[in-house]
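Q: Got a minute to go through this one with me? I'd like to talk pockets and charge pairs.

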Amino acid sequence: MPDFLPPGPVMVDVDGLELTEPERRRLRHPQVGGVILFARNFADRGQLAALCAAIHAARDEPLLIAVDHEGGRVQRFRTDGFTPLPAMRDLGHWYDRDPQAALHGATETGFVLASELRACGVDFSFTPVLDLDYGVSQVIGNRAFHADPAVVALLARALVQGLAQAGMAACAKHFPGHGAVAADSHHAIPVDDRSLDEILAADAAPYGWLGDLVVPAVMPAHVIYPQVDPAPAGFSRRWVTGVLREQLAYDGVVFSDDLTMEGASVAGDIRARARAALAAGCDMVLVCNRPDLADELLAGLAGRAIDPQAVRRIRRLMPRLPAPAWAGLLSDPRYLRARRLRSENLPG
């Protein structure tokens, strides 16, 4: 029988369409708190539901199952009934033409996104992106809603409302803002030379306006802001604890971005990266596409006390109802209407 364990501070991934025995053992490690899925984990809806059920059954208190499923080019599941979702920039362009219709469309988009994931057992998606659309970031691009932080906050709130209607929490990213730097933190170490005041007045403003009651999770950027701190935001106690938690009074979950990205390499090896992120104030760290590094990190964290405040925050992200309660939603008139509105007004 699985041990009854609270969620730990590490989110790992799995390799294929079914769990292997080594993966089951990894998921039972006390320091594991979640699993992130990728396109390689999806063949069809039935297979995905079975995989999620197996992951949830690995522990008495189910692990949080997450995915990057934003829309546009970042959508992991695309066939067998998954609706092609628009890039968030399409919602921003719609807002410029018709603000109220765009806000309605953002809510419908969030509802479709979450309904389809929840019906298969996925608990959580790392969305929405709050980065501003400066037109310079390679990795953000059309994932950003708009250049105006007020419009970003409005559209994000509307999308989050749709997610919530289908029983899913939200994660805002990439704090305090990735949109003003050209480099892709997956492959480089971006540097943003602006001052703290400049960033707080623009890029970080939506985080303060929305707060943890609207977006109960945040992911910091692997970006260095040298006028504020020499460490990337996700490894910076000044950014995570000083600015986000204290200055902006944020009490939601803080996830690190993937610790295997190049933008995280400045912090050292995988153990040093995790220690830096947790010391900065992150509640959970992601280790993606490197099971060897996940095992190395878990071995290094063995025996580490689980932070009860982090557990409290992470538990807020778990859906109130299990996946089977949402399975019938895909034939519900609300879902069918939302899906039709999305397809009639926005490109997929």
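A: Sure. Keep in mind that this is a predicted model. Starting with the second largest pocket, there's about 250 Å³ of space in it.

Q: Which residues are closest to the centre of the second largest pocket?
A: Ala164, Met168, Ala169, Pro216 and Arg316, out of 15 residues that line that pocket.

Q: And how does its lining divide by class?
A: Into eleven nonpolar residues, one polar and three charged.

Q: OK, what about the largest pocket, how much space lies there?
A: About 410 Å³. It has 22 lining residues, and the closest to the centre are Asp68, Arg76, His186, Asp257 and Met261.

Q: Which elements give two or more residues to that lining?
A: Strands β7 and β11, the latter covering 253-258.

Q: What's the class mix in the largest pocket?
A: Nine nonpolar, five polar and eight charged residues make up the lining.

Q: Switching to charge pairs: how many salt bridges does a search of the whole structure find?
A: The count is 20. One of them pairs arginine 315 with glutamate 61, with 2.8 Å from N to O.

Q: Where do those two sit in the chain?
A: Arginine 315 is in helix α11 (residues 308-315), while glutamate 61 is in the loop between α2 (45-57) and β3 (64-67). They are 254 residues apart, so the pair links distant parts of the chain.

Q: Is glutamate 61 buried or exposed?
A: Glutamate 61 has a relative accessible area of 15%, so it counts as buried, the cut-off being under 20%. Arginine 315 comes out at 37%, which makes it partly exposed.

Q: Asp68 came up in the pocket. What does aspartate 68 form a salt bridge with?
A: Lysine 173, with the closest N and O atoms 3.0 Å apart. Lysine 173 lies in strand β7 (residues 172-175) and aspartate 68 in the loop between β3 and β4 (69-71), so the bridge ties together parts 105 residues apart in sequence. Both lysine 173 and aspartate 68 are buried.

Q: Any others to look at? What does arginine 89 pair with?
A: Aspartate 133, again through a salt bridge, with 3.0 Å between the closest N and O atoms. Arginine 89 is in helix α3 (residues 88-97) and aspartate 133 in the loop between β6 (124-125) and α5 (149-165), so this pair ties together parts 44 residues apart in sequence. Arginine 89 is partly exposed, at 24% relative accessible area.

Q: And which residues do shared partners join into one network?
A: Asp68, Glu70, Arg76, Arg143 and Lys173.

Conventions
Residues numbered from 1 in each chain as written. Predicted model: local features only at pLDDT ≥ 70, side-chain atom pairs only at ≥ 80, totals over all residues. Heavy atoms only, no water. Salt bridge = Lys/Arg side-chain N within 4 Å of Asp/Glu carboxyl O. Helix = DSSP H or I, 4+ residues; strand = E, 2+ residues; numbered from the N terminus. Buried < 20%, exposed > 50% of the residue type's maximum accessible area, 1.4 Å probe, protein only. 1 Å grid on protein atoms, 1.4 Å probe; cavity = no way out; pocket = protein on both sides within 12 Å on 5 of 7 lines; lining within 4 Å. Points joined across faces, edges and corners; volume = space filled by probe spheres on them. Nonpolar A, V, L, I, M, F, W, Y, C, P; charged D, E, K, R; others polar.
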